[in-house]
Amino acid sequence: MPTTSSPPAVLTIAGSDSGGGAGIQADLKTFLAHSTYGLSTIVALTAQNTQSVRSVFAVPAQMISEQLDAVFDDIDIKAAKTGMLMDRLTIETVADAWKRNANGIPLVVDPVMVATSGGRLLKEDAVEALRTRLLPVATLVTPNLREAEVLLDMKPNSIETVEAMEAAGRMICERFAVPVVVVKGGHLVSGPVTDVVVEGESGKVSRIENPRIDSTSTHGTGCTLSAAIAANLAKGMEALEAVAAGIKYVNQAIQAAYPVGHGHGPVNHAYALTTLSIPPPTIQTPYPFTAYLKANSNGLWDKYIRHSFVRQAGTGKLTRTAF
């Protein structure tokens with residue numbers, strides 16, 4: 001049986017969303033949609049749906065550390081991303097394990113710090129750990145406007161223009177030595193959605209614009225974007241290309257979303273996936289192309305094998321004259 005090459009492995013370090021639209025679940029769906037192999041380290045369990053988060057349980061630090069060591073010890077990880085990291089101890093545990101294991105692997109940090117309502121999700125000591133422990137080992141960071149303000153210790157609603165987004169991206173690059181910063185512009189109140197990409201080494205600033213989509217299917221978009229970028233980096237894309245492709249994927253996934261639940265539903269992570277008509281060979285189906293032809297012959301295959309000439313030839317009963 002022919003062998004196939006393995007897809008690049010991508011790791012998500014995040015919380016579990018029981019509603020399936022964000023966190024670990026969204027990341028793994030996104031990895032699959034990008035033809036990569038998804039791994040996970042779960043740092044928290046949540047009881048949530050499309051309407052609310054009912055409770056959160058933090059995974060003990062030792063278990064987080066053991067999960068990370070286990071996957072790094074065995075699997076050739078090509079990129080990783082972080083999502084909601086709960087508290088200072090979780091962030092420090094992830095940063096320590098990363099330094100122990102990573103060896104130059106690209107890391108995308110989605111600094112989940114501010115809820116959609118505007119409330120802070122991380123205490124100040126956790127924010128400081130994010131700034132001092134995790135950002136220095138990140139390859140790329142994806143704050144929204146409110147998260148960029150927190151990282152830079154700015155007053156709420158200080159970033160309200162694309163120009164302010166660009167300035168914030170430059171400051172995050174410089175202050176925390178992050179190679180690439182993506183400041184997400186979804187919270188701007190009007191006009192197209194503009195995301196800003198700042199590349200620290202070259203100083204290049206790029207704007208990526210997309211039409212604003214009127215949709216309630218936006219739960220987990222930040223998780224999905226950071227996961228898509230990580231998958232693209234694992235496949236060998238340069239940072240700007242990986243970001244642009246990730247933003248396009250999220251935009252299309254929102255447009256292709258279908259209703260789930262009674263609140264803010266998820267995007268359609270699988271919108272671009274198609275089922276293979278001719279799958280790879282397996283033990284049960286060693287010749288899938290032949291099986292495909294048989295199944296799609298509109299009855300001709302059965303007529304052929306049941307024809308008296310064929311049946312007699314197969315059993316050795318066909319007369320020489322008939323032959």
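Contact here means heavy atoms within 4.5 Å, and with that in mind, helix 6 (residues 162–176) lies across strand 7, strand 8 and strand 9. Helix 6 runs at about 30° to strand 8. Please keep in mind that this is a predicted model. The tour below starts with the sheet, moves on to strand 8 and its partners, and ends with the helices.

**The sheet**

- The sheet is open and is built from 9 strands, with mixed pairing. Reading across, the strand order is 3-2-1-4-5-6-7-8-9.
- Strand 3 (53–58) and strand 9 are the edge strands, and each of them pairs on one side only.
- At the strand 3 edge, strand 2 (residues 37–48) runs antiparallel to strand 3, and 5 bridges join the two. Here Gln48 stands opposite Val53 of strand 3.

**Strand 8, an enclosed strand**

- How many residues of strand 8 (residues 193–199) are buried? The count is 7 of the 7, so strand 8 is largely enclosed by the rest of the structure. Buried here means under 20% relative accessible area.
- Both faces of strand 8 are covered. On one side sit Val193, Asp195, Val197 and Glu199, and on the other Thr194, Val196 and Val198, all of them buried.

**Partners of strand 8**

- Strand 7 (residues 180–183) is antiparallel to strand 8, and 4 bridges join them. Val182 has Val197 of strand 8 as its bridge partner.
- Strand 9 (residues 205–210) also pairs with strand 8 in the antiparallel sense, over 6 bridges. Val197 turns up again in this pairing, where its bridge partner in strand 9 is Ser206.
- Strand 8 and strand 9 form a hairpin with 5 residues between them. In the turn, Gly203 has a positive phi of about 80°.

**A helix over the sheet**

- Helix 2 (residues 61–74) lies across strand 1 (9–17), strand 2 and strand 4 (77–82). Its direction is at about 165° to strand 2.

**Helix 1 against helix 7**

- Two packed helices are described by the angle between their axes and the distance between the axes.
- Helix 1 (residues 23–33) and helix 7 (residues 221–234) pack at an angle of about 40°, with their axes 9 Å apart. The two helices are therefore oblique to each other, and their crossing is right-handed.
- Which residues make the contact? Helix 1 contributes Gly23, Ala26, Asp27, Thr30 and Phe31, while helix 7 contributes Cys223, Thr224, Ala227, Ala228 and Ala231.
- Sorted by class, the contact of helix 1 with helix 7 has 6 nonpolar, 3 polar and 1 charged residues.

Note on methods. Residues numbered from 1 in each chain as written. Predicted model: local features only at pLDDT ≥ 70, side-chain atom pairs only at ≥ 80, totals over all residues. Heavy atoms only, no water. Buried < 20%, exposed > 50% of the residue type's maximum accessible area, 1.4 Å probe, protein only. Helix = DSSP H or I, 4+ residues; strand = E, 2+ residues; numbered from the N terminus. Pairing = 2+ DSSP bridges. Axes fitted to C-alpha atoms, helices over the stretch in contact; angles between N-to-C directions. Parallel < 35°, antiparallel > 145°, perpendicular 65-115°, else oblique. Left-handed = near helix turned anticlockwise from the far one by under 90°. Nonpolar A, V, L, I, M, F, W, Y, C, P; charged D, E, K, R; others polar.
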